[in-house]
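Here are a few notes to read alongside the structure. Take them in order, with the model open beside you.

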Amino acid sequence: MVLLLATLALAGPPPMVPSSDGCHAGTLGQLRVEVPTVERPLIVLDGRLDEPDWEQAVLLCNFTQFQPVEGAPASQPTEVLVLLSPEALYFGVRAFDERPDGIRAALRERDNVTDFDDYILILLDTFHDQRRAYALAANPLGVQEDGLWIEGAPRTRQGRGHPIDKSLDFIWESEGRIHPWGYALEIRIPFKSLRFPDLPLQSWGLNIERRIQR
């Protein structure tokens, strides 16, 4: 299986060449990424990102704000690692924070993360039609919130936020850890939990959101 990732708003075939430091930067239009495959990754989901397999992952970086100033540089840097195995899709996140004491995270019930905690939200448009996407969020401790993003569905938070149906729960794994430099997340999404076209070459839309609640 070969997986190409592109932003949900992709309108053309941008280059697949990473920047000089090895990361794919959305600000440079590097929105089309081929994800490498590791046949038998030996990754333990513990929020450390210290396994050698992560060195083979593609690196996404240079994210920008959409709130409060759309298009401005992110107030805190974030790095996202992505790789495949024959059975699952892996994400590793380094969310740097100059004020780690201000990170908001609690061990709470599932689907109660995004209103209270810092979080990383992954939107996977597996049919790449910009009509619906799997929405998988985790707070810095790995607590999950998930659902289905549906185009045209009512939005929450008095008209803000995402039109996500949270009545659906998917099978996936996540673990997070707060570090002196911020926090890290490791996520494993089995392909059997997702629906996608029956094609040898998969082209999926991807959007990554980080929320800093403070």
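1. A word on pairing before we begin: two strands pair if DSSP finds at least two bridges between them. By that rule β2 and β4 are partners, since three bridges join them, and the two strands run parallel. Within this pair, C23 stands opposite L59 in β4. Please keep in mind throughout that this is a predicted model.

2. Now for the overall make-up. The chain has 13 strands and zero helices, so if you read along the sequence you meet one β element after another. Buried residues account for 48% of the 214 residues. The accessible surface comes to about 11,100 Å², and carbon and sulfur atoms contribute 51% of that. Of the contacts between residues at least 6 apart in sequence, 62% join residues at least 24 apart.

3. A sheet is a good place to start looking. Six strands form an open sheet with mixed pairing, in the order β2-β4-β5-β6-β12-β11. Its edge strands are β2 (23-25) and β11, each of which pairs on one side only. On average, neighbouring strands of this sheet are turned by 20° against each other, direction ignored. As a general reminder, strands of a sheet pair through backbone hydrogen bonds, either parallel or antiparallel.

4. How do β11 and β12 run relative to each other, parallel or antiparallel? They run antiparallel, and seven bridges join them. The connection between β11 and β12 is a hairpin through two residues. Across this pair, R177 stands opposite A184 in β12.

5. Next, the nonpolar interior. The largest nonpolar core has 32 residues, and those with the most contacts inside it are V82, L89, F91, L124, I189, W204 and L206. I189 shows what such a position touches: leaving aside neighbours within four places in sequence, I189 is in contact with E87, A88, L89, F91, L124, L136, W172 and L194. Apart from this core lies another, of 14 residues, among them C23, V38, A57 and L81.

6. A57 deserves a closer look. This residue is found in the loop between β3 (33-35) and β4 (58-61). Is A57 buried or exposed? A57 has a relative accessible area of 15%, and buried means under 20%, so A57 counts as buried. Setting aside neighbours within four places in sequence, A57 is in contact with P36, L81, V82 and L83. P36 is 21 residues away from A57 along the chain, and the C-alpha atoms of the two are separated by 6.3 Å.

7. On to the rings. A search of the whole structure finds five aromatic pairs. One of them is F96 with W181, a tilted pair whose centres are 5.2 Å apart and whose planes make an angle of 45°. The two residues come from distant parts of the chain, 85 residues apart: F96 sits in strand β6 (residues 88-96), while W181 is in the loop between β11 (173-179) and β12 (182-190). F96 is partly exposed at 24% relative accessible area, and W181 is also partly exposed, at 31%.

8. A second pair is made by F196 and W204. Their ring centres lie 5.5 Å apart and their planes meet at 50°, so this pair is tilted. F196 is partly exposed, at 27% relative accessibility, whereas W204 is buried, at 0%. Together with F191, these two residues form one aromatic cluster. You have met W204 already, among the residues with the most contacts in the largest nonpolar core.

9. Finally, some backbone details to check by eye. The peptide bond from Q67 to P68 is cis, with omega near 10°, and P68 lies in the loop between β4 and β5 (78-84). L49 is not a glycine, yet has a positive phi of about 55°. You will find L49 in the loop between β3 and β4, where L49 is buried, with a relative accessible area of 8%. H128 is not a glycine either and has a positive phi of about 50°. H128 lies in the loop between β7 (119-125) and β8 (132-138) and counts as partly exposed, at 23% relative accessibility.

Note on methods:
Residues numbered from 1 in each chain as written. Predicted model: local features only at pLDDT ≥ 70, side-chain atom pairs only at ≥ 80, totals over all residues. Heavy atoms only, no water. Helix = DSSP H or I, 4+ residues; strand = E, 2+ residues; numbered from the N terminus. Buried < 20%, exposed > 50% of the residue type's maximum accessible area, 1.4 Å probe, protein only. Contact = heavy atoms within 4.5 Å. Areas by Shrake-Rupley, 256 points an atom, 1.4 Å probe, with all protein chains shown as cover. Phe/Tyr/Trp six-rings, centres within 6.5 Å; stacked < 30°, edge-to-face > 60°. Core = buried A, V, L, I, M, F, W, Y, C linked by side-chain atoms within 4.5 Å. Axes fitted to C-alpha atoms, helices over the stretch in contact; angles between N-to-C directions.
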